[in-house]
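Let's take a walk through this protein together, from the overall build down to a few odd spots in the backbone. Have the model open and turn it as you read.

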Amino acid sequence: MSTVRLKKGFDIKLLGAIEGTDVAFTSPSRSVAVVPDDFHGIIPRMEKKEGEHVAAGEPLYHDKNYEAIKVVSPVSGTVKEVRRGERRHIDAIIIAPDGNDVLTLDLKRPAEEVLLASGLWAMLRQRPYDVVPVPGVKPRDVFVTAFDSAPLSPDLDVVLGDKREFIGKGVEVLNSLTEGKVYIGIGEGQSIDAPGAEVNTFIGPHPAGNAGVQAANLVPVNKGETVWTLDIVTLARIGELFTTGKVSHDTVVAVNGEMVEHPRYVSTVMGAELASLLKDQLKEEAAECRIISGNVLTGVKVEASGWLRAPYRHVTVIPENNHPDEFMGWASIAPSRFSIYRTFTSWLRGLKRPVSMDSRIKGGERAIVRTDEYDAMLPMDIYGEFLIKAIIAGDIDKMEQLGIYEIAPEDFALAEFADTSKLELQRIVREGLDKLRAEMS
């Protein structure tokens, strides 16, 4: 075991954190949804129609380009609706739970086939491009993160619960699929029993918990190489699958934020409706609030009538603030206003105290000015500012030279928060990765 100390980055302390580790139980969700956009890189081709019954773990659709990649139903029930948007894009597949029928898989098949059929393959991410991995391509290494450093993020040890016993089996399966090592990154004070994996401790501010950041500080991804990334909860699901033959879609979700009356952990199922998670939990003044499936940096804005998105184990509720007029605006010297760069006097109280923030970005898009802001928030050996400029310019050669193969949009989320140019860095990176992938395929 080695220790990696990261100095770059920043921890954003928000009001509404969870105190304690108790897990609450809610009434069963009346509907569950699978959103294809959560699995980037997959073009869905439906296998089930509206009105058909589906067992938990049974495929709902497969990838148009790689039919072996399946996305499965998290519950047993009836396909209530296949909701489509513009150009017949599938926005969501809504299922009405009605039983406990669970599909059992044949574990005698090769491990890759089992993972593909189980739907857990779609939970993995491949670098380069940050997409669902291509079948048949062995990764150089696999990187697993065992902690989440994002604002108000859940403690993954709590989310794991009793599934911790399956970690060893999960490592064994991944070792059989890679030509290199399985690396597990843990936070300061954490411990984990994972025979067959190389465990490293990462100490530092966010984004220290990102698997891509951990990979970049251990064995960076070069052109022509492929690595996989995932979190410890997905690793445990893989171990459980190869132990029991069944995929578990139960999960523990952190429901917190300034607008939540009692921040807590909730036991639910992947894709559950948010109404069941937020019932009687929002404050009276939360009539105007923003509900985010995920954290405030990388999560997805959803409606109260929406569902928990697949990649996230976190629901955050913050003020929306649709009435942004303020006395003196940015020139205010109010001690409660937050700034990383000591623009306001709040830094005198210390930046580690929880603060109140709403959804405003407080400014409009403007020209990029050389400030080294991106580099200060990105603990990777790349020049973030120059990489963003290369992506905007569409210069593929420069993008390759500046390290685009080892990044994902989430790695630039903190830089986007700190950016005085107010650029949508995650969107820019996503478009750059997609363009590069299209050019190379």
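Before anything else, a word on naming: helices and strands here are DSSP runs, a helix being at least four residues and a strand at least two, and they are numbered from the N terminus. Keep in mind, too, that this is a predicted model.

With that in hand, the big picture is easy to put into words. The protein chain holds 11 helices and 19 strands. Its radius of gyration is 21 Å, close to the 22 Å that the globule rule gives for 441 residues, so the chain is as compact as a globular protein of that length. Lay the C-alpha trace along its principal axes and it spans about 65 × 50 × 50 Å. Of the 441 residues, 55% are buried. The fold also ties together remote parts of the sequence: among contacts between residues at least 6 apart, 67% join residues at least 24 apart.

On the outside, the accessible surface comes to about 20,300 Å², and carbon and sulfur atoms account for 49% of that. As for charge, there are 51 positive and 65 negative side chains, with the centres of the two sets 1 Å apart.

Now go inside. In soluble globular proteins, nonpolar side chains tend to be buried together. Here the largest nonpolar core has 62 residues, and F39, I184, I232, L235 and I238 have the most contacts inside it. Helix α5 (residues 232-244) gives this core its largest share, 7 residues. A second, separate core has 44 residues, including V4, V213, A390 and I404. Back at F39, look past the residues up to four places away in sequence and you'll find it touching V34, Y61, V71, A122, M123, R125, V132 and A310.

Helix α1 (residues 111-118) is a good next stop, being mostly covered, with 6 of its 8 residues buried. Those are A111, V114, L115, L116, A117 and S118. What do the buried residues of α1 pack against? Their partners are β7 (70-72), α3 (167-177) and α5. Just after α1, G119 takes a positive phi of about 90°.

Loops deserve a look as well. M259 sits in the one between β15 (250-256) and β16 (264-269). Is M259 buried or exposed? Its relative accessible area is 6%, and buried means under 20%, so M259 counts as buried. Leaving aside neighbours within four places, M259 is in contact with Q281, L282, K283, E285, A286, C289, V317, I318 and P319. Take L282 from that list: M259 and L282 are 23 residues apart in sequence, yet their C-alpha atoms are 5.9 Å apart in space.

Finally, the backbone oddities. The peptide bond from R127 to P128 is cis, with omega near 10°, and P128 lies in the loop between β10 (125-127) and β11 (141-145). Another cis bond joins H206 and P207, with omega about 15°; P207 is in the loop between β13 (198-203) and α4 (211-216).

Two residues that are not glycines have a positive phi. R87, at about 55°, is in the loop between β8 (76-84) and β9 (90-99), and its 86% relative accessibility makes it exposed. D372, at about 65°, lies in the loop between β19 (314-319) and α7 (373-376). With 38% relative accessibility, D372 counts as partly exposed.

Methods
Residues are numbered from 1 along each chain as its sequence is written. This is a predicted model: local features need pLDDT of at least 70, side-chain atom pairs count only at pLDDT 80 or more; totals for chains, interfaces and linings use all residues. Side-chain values use heavy atoms; hydrogens and water are left out. The radius of gyration is taken over C-alpha atoms; the globule rule is 2.2 Å times the number of residues to the power 0.38. Buried means under 20% relative accessible area, exposed over 50%, partly exposed in between (1.4 Å probe, protein chains only). Contact means heavy atoms within 4.5 Å. Accessible areas come from the Shrake-Rupley method with a 1.4 Å probe; for residues, only the protein chains shown count as cover. Lys and Arg count as positive and Asp and Glu as negative; His and the chain ends are not counted. The place of a charge is taken as NZ of Lys, CZ of Arg, CG of Asp or CD of Glu. A nonpolar core is a set of buried Ala, Val, Leu, Ile, Met, Phe, Trp, Tyr and Cys residues joined through side-chain atoms within 4.5 Å.
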